[in-house]
Amino acid sequence: MSEGAEEVINLRSQITCLQNRVRELEEENAKFSSRLSSCRCNELQEKMPREKSENLGEERGEMNSGSKRSGRKKATRKTPGYDTRIMNHHPRRYVALKVMYFGQRFYGFSQEAQMDPSIESEIFKALETTRLLIGDKKEIQYSRCGRTDKGVSAFGQVIALYLRSKLKDIDAHNKHSGETVPEEQDGPPGEIDYVRVLNGVLPKDIRIVGWCPVSSDFSARFSCLSREYKYFFWGDNLNLSVMETAGKKLIGEHDFRNFCKMDALNVHTYRRNVMSFKISPCDMRFEGHQLYAIKIKGRAFLWHQVRCIVAVLFMIGQGLESPEVIDALLDTRTLRKPQYLMAPEIPLVLLSCEFEGLKFSCSSDAGQALHVHLENECRLYQLQAAIFREALLSLLPLSTGAENKDSSSNGVTRKKASHVPLMSRETEPSYEERRAKLETAKLRA
């Protein structure tokens with residue numbers, strides 16, 4: 001056989017083998033296609049998020065009435081693809097939540113400033129993670145009691161919104177829509193433990209401390225009867241009795257435009273009512289230095305009002321201004337606001353918000369967990385304070401000139417010799433000037 005004929009035979013043999021292999025692959029492909037067409041995996045994947053949301057109580061280990069926790073699973077922090085609108089078939093109820101937070105690392109409470117992290121954005125992340133949220137902010141009738149600044153903390157902030165409920169007939173559990181829950185109770189039997197569920201996913205510097213069912217016309221902002229703030233400071237080199245005398249002048253209804261950051265676009269009246277003012281020592285000392293707190297209560301407060309008041313009181317306490325400067329600043333007919341720096345934000349706390357008939361409840365489990373959490377945080381900060389104190393003791397002795405320096409400036413560094421009296425300073429634009437500027441800008445636009 002010639003060499004060319006032998007090569008042709010080999011090629012034909014290879015073609016036959018390849019054709020047979022193609023037929024085998026086609027048969028396997030048909031077999032797998034048949035199995036895939038009868039597979040229900042896609043159905044299960046679509047069904048899974050719905051089943052998870054319906055069985056949230058088991059995943060979160062919620063408490064049944066008088067029973068122990070059961071079926072607890074680890075909660076995930078992320079809910080990819082979670083759409084609050086798909087939850088609309090669930091029962092819901094309008095509730096108020098009492099919120100505690102420590103503001104040092106946050107850009108204020110409101111997420112509208114587009115700066116993260118904010119307390120509000122973290123709360124809404126937690127609401128989505130726990131699938132308690134049903135609808136957008138308009139549908140849930142969201143309201144908040146106050147918008148604290150960057151760095152400010154709160155122990156009694158209040159928000160209100162519609163949340164998912166386990167109770168199918170809410171009205172059967174609330175005899176009327178405005179009924180509240182006594183503090184000693186754990187809440188309605190069988191209801192979601194909102195405090196424990198949310199605290200399980202919130203960052204450690206934000207806690208929910210209680211919840212209460214409220215009527216649909218309740219507003220965390222406009223239903224609030226009063227707000228109380230506390231400002232902590234070291235009492236060194238301050239005349240506290242003179243400061244308190246000056247602070248008492250603020251009690252009553254006054255025009256506080258010289259004690260705030262003016263928002264001429266949204267605020268048109270600057271009259272506010274201060275109900276009480278007090279300076280008292282705290283149960284804390286350091287190296288002979290006593291910690292004090294200013295407590296001020298009012299119906300509502302203007303932007304930066306408390307921090308501006310504290311700044312002026314510090315000047316009075318240092319002997320840089322007389323108490324009569326309060327009277328002059330409250331007389332807005334003859335004086336515009338002089339330029340001065342407000343007091344630092346970190347020592348300021350929104351202590352409480354008062355509402356008529358509102359009593360927040362917290363389950364025994366959630367309350368115990370909250371106490372343990374805060375005790376652990378206190379111990380941690382005490383350890384850190386001990387480390388800083390040891391570092392302080394390890395330093396070389398101070399020079400003679402530095403010994404006379406004030407060690408507790410409360411974050412406000414001023415020298416007596418360089419102080420310019422408030423009545424002699426440049427003033428800020430008046431409300432009328434600010435409004436005129438806004439109107440001019442509006443016409444140009």
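A residue is called buried when its relative accessible area is under 20%, exposed when over 50%, and partly exposed in between, with a 1.4 Å probe and protein chains only. Helices (H or I, at least four residues) and strands (E, at least two) are DSSP runs, numbered from the N terminus. The model is predicted, so that local features need pLDDT of at least 70 and side-chain atom pairs count only at pLDDT 80 or more, while totals for chains, interfaces and linings use all residues. Residues are numbered from 1 along each chain as its sequence is written, and side-chain values use heavy atoms, with hydrogens and water left out.

**Exercise 1. Describe the protein chain as a whole.**

Step 1: The secondary structure of the protein chain consists of twelve helices and nine strands.

Step 2: Of the 445 residues in the protein chain, 41% are buried.

Step 3: With contact taken as heavy atoms within 4.5 Å, consider the pairs at least 6 apart in sequence; 79% of these contacts join residues at least 24 apart.

**Exercise 2. Place strand S5 among its partners, and follow Tyr 229 and Lys 230 across the pairings.**

Step 1: Strand S5 (residues 226-234) is mostly covered, with seven of its nine residues buried.

Step 2: Two strands pair if DSSP finds at least two bridges between them. By this criterion S5 pairs with strand S9 (residues 348-354) in the antiparallel sense over six bridges, and with strand S8 (residues 289-298), again in the antiparallel sense, over eight bridges.

Step 3: Tyr 229 stands opposite Leu 350 in S9, and its bridge partner in S8 is Ile 296. For Lys 230, the bridge partner in S8 is Lys 295.

**Exercise 3. Characterise strand S8 and its hairpin with strand S7.**

Step 1: S8 is mostly covered, since eight of its ten residues are buried.

Step 2: Strand S7 (residues 271-286) runs antiparallel to S8, and nine bridges join the two; Ser 276, for instance, stands opposite Lys 297 in S8.

Step 3: Two residues lie between the strands in the hairpin of S7 and S8, where Glu 287 takes a positive phi near 50 degrees.

**Exercise 4. Analyse the packing of helices H7 and H8, and then the setting of Gly 247.**

Step 1: Two packed helices are described by the angle between their axes and the distance between the axes. Axes are lines fitted to C-alpha atoms, for helices over the stretch in contact, and angles run from 0 to 180 degrees between N-to-C directions.

Step 2: Helix H7 (residues 240-248) and helix H8 (residues 305-317) pack at about 140 degrees, with their axes 8 Å apart. Angles under 35 degrees count as roughly parallel, over 145 as roughly antiparallel, 65 to 115 as roughly perpendicular and the rest as oblique; H7 and H8 are therefore oblique to each other.

Step 3: From H7, Val 242, Met 243, Ala 246 and Gly 247 meet Leu 313, Phe 314, Ile 316 and Gly 317 of H8. Classed by residue type, this contact has six nonpolar, two polar and no charged residues, where Ala, Val, Leu, Ile, Met, Phe, Trp, Tyr, Cys and Pro count as nonpolar, Asp, Glu, Lys and Arg as charged, and the others, Gly among them, as polar.

Step 4: Gly 247, which belongs to helix H7, counts as buried because its relative accessibility is 0%. Not counting residues up to four places away in sequence, Gly 247 touches Phe 277 and Leu 313. Gly 247 and Leu 313 are 66 residues apart in sequence and 7.2 Å apart in space, C-alpha to C-alpha.
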